[in-house]
Number of protein chains: 2
Amino acid sequence: MFELNLRSRAPVYEQLVEKIKELIINNVLKPDQQLPAVRVLASELTINPNTIQKAYRELEHRGYIYSVPGKGSFVKPAVPGTNNARLQALEKELGKIISEMLYLGVPPQEIINMVKKQLANKEGGKLDD
Amino acid sequence: MFELNLRSRAPVYEQLVEKIKELIINNVLKPDQQLPAVRVLASELTINPNTIQKAYRELEHRGYIYSVPGKGSFVKPAVPGTNNARLQALEKELGKIISEMLYLGVPPQEIINMVKKQLANKEGGKLDD
DNA sequence: TAACTGTATTATTTATGTTAGTACAATAAG
DNA sequence: CTTATTGTACTAACATAAATAATACAGTTA
């Protein structure tokens, strides 16, 4: 499914959260699609099932998946306009990145072009549906 | 100078790195300006000098400050076009944020408007010089 | 019933962050 | 030269978090 960097200073469960979140955001994992079972994924990645469960618990807490005992864990369909807190955090992050780009000497117009280019790429990516 | 969240899961030295980096990027700390001495800042924040030194070491490694034994630690002037690796990382981060905004239902045009608004704010901030 | 799901619990090991205390060389000012 | 500052280095001790290991239990499905 994906790979992990065991040497990284970032905890394994955090890496898992980021990777899976990324797959969900990029629509590689579709809404209501079932995720690998805790034990299965643990076996594939040769890490402890508890670590997977910790990642799944975190993903559920952040609203990206939902788990049903006895059935499995599934991708939670996104409901637009629901996550204003997260959106506000993203806008703040965006501000930090822009500030640092300016600091590194990138002209404002080039930053806008970067964004437009990224948006164009994502639109193209929607053809995955 | 600033405040720290000792209850946060983020290590104190990492918080320090982020805060100081932010002050440098936003030009609150000017190029070649001297930073507080390791022991002084440790005393102000009532934390161990070793923790401050660890943060300073990290900041120096990332290219934001330079330290001279016997003299002090200073803000390193940014040289545009020098940090392509960091710029590439920022562009990647930017992509992630844009992807998540789209995922949350933000229209592309609104994202561009956000960026333009942020850029306008930063231009205004340049009046600090 | 049997084989799967998620979930919970306890104990142990390992890694990292933080503090504490001490020490040394370079710099600047008296 | 002396003194007080600076950054830097080192070891030891402690606290916390991450990760593993080994079970166990309840809900679901065939």
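I will go through the confidence, the nonpolar core, and then the protein surface at each of the two DNA strands, C and D.

This is a predicted model, so confidence comes first. Chain A averages a pLDDT of 92, and 95% of its residues score at least 70. Within the elements of chain A, strand 2 has the highest mean, 98, and helix 5, residues 108-125, has the lowest, 92.

Next, the core. The largest nonpolar core holds 67 residues. Those with the most contacts inside this core are A:Leu16, A:Ile20, B:Leu16 and B:Met101. Helix 4 of chain A, residues 84-103, is the biggest contributor, giving seven residues. What does B:Met101 touch? Leaving out residues up to four places away in sequence, the partners of B:Met101 are A:Leu87, A:Leu90, A:Glu91 and A:Leu94 in chain A, plus B:Val106, B:Ile111 and B:Met114 in chain B.

Now DNA strand C. There are 26 residues around DNA strand C, and the closest are A:Arg39, B:Val12, B:Asn48, B:Asn50 and B:Thr51. Of the strand C atoms that come within 4 Å of the protein, 61% belong to sugar and phosphate. By class, the surface near strand C has ten nonpolar, ten polar and six charged residues. Several elements supply at least two residues each: from chain A, helix 2, helix 3, strand 1 and strand 2; from chain B, helix 1 and helix 3.

For individual contacts on strand C, the side chain of B:Tyr13 has an N or O atom 3.2 Å from a phosphate oxygen. Two side chains reach base nitrogens: B:Asn50 places an N or O atom at 2.8 Å, and B:Arg39 places one at 3.4 Å.

Then DNA strand D. Here too 26 residues surround the strand, and A:Val12, A:Asn48, A:Asn50, A:Thr51 and B:Arg39 come nearest. Sugar and phosphate make up 64% of the strand D atoms within 4 Å of the protein. The surface near strand D divides into ten nonpolar, ten polar and six charged residues. Which elements each supply at least two residues of the surface near DNA strand D? Chain A provides helix 1 and helix 3, while chain B provides helix 2, helix 3, strand 1 and strand 2.

On strand D, a polar side-chain atom of A:Tyr13 sits 3.2 Å from a phosphate oxygen. A polar side-chain atom of A:Asn50 is 2.8 Å from a base nitrogen. There is also a backbone contact: an N or O atom of B:Gly70 lies 3.0 Å from a base oxygen.

That is the end of the talk.

Definitions and conventions. Residues numbered from 1 in each chain as written. Chains lettered and ligands numbered in written order. Predicted model: local features only at pLDDT ≥ 70, side-chain atom pairs only at ≥ 80, totals over all residues. Heavy atoms only, no water. Core = buried A, V, L, I, M, F, W, Y, C linked by side-chain atoms within 4.5 Å. Buried < 20%, exposed > 50% of the residue type's maximum accessible area, 1.4 Å probe, protein only. Helix = DSSP H or I, 4+ residues; strand = E, 2+ residues; numbered from the N terminus. Contact = heavy atoms within 4.5 Å. Near = heavy atom within 4 Å. Polar contact = N/O pair within 3.5 Å; in protein donor to acceptor, adjacent residues only side chain to side chain. Nonpolar A, V, L, I, M, F, W, Y, C, P; charged D, E, K, R; others polar. pLDDT = per-residue confidence, 0-100.
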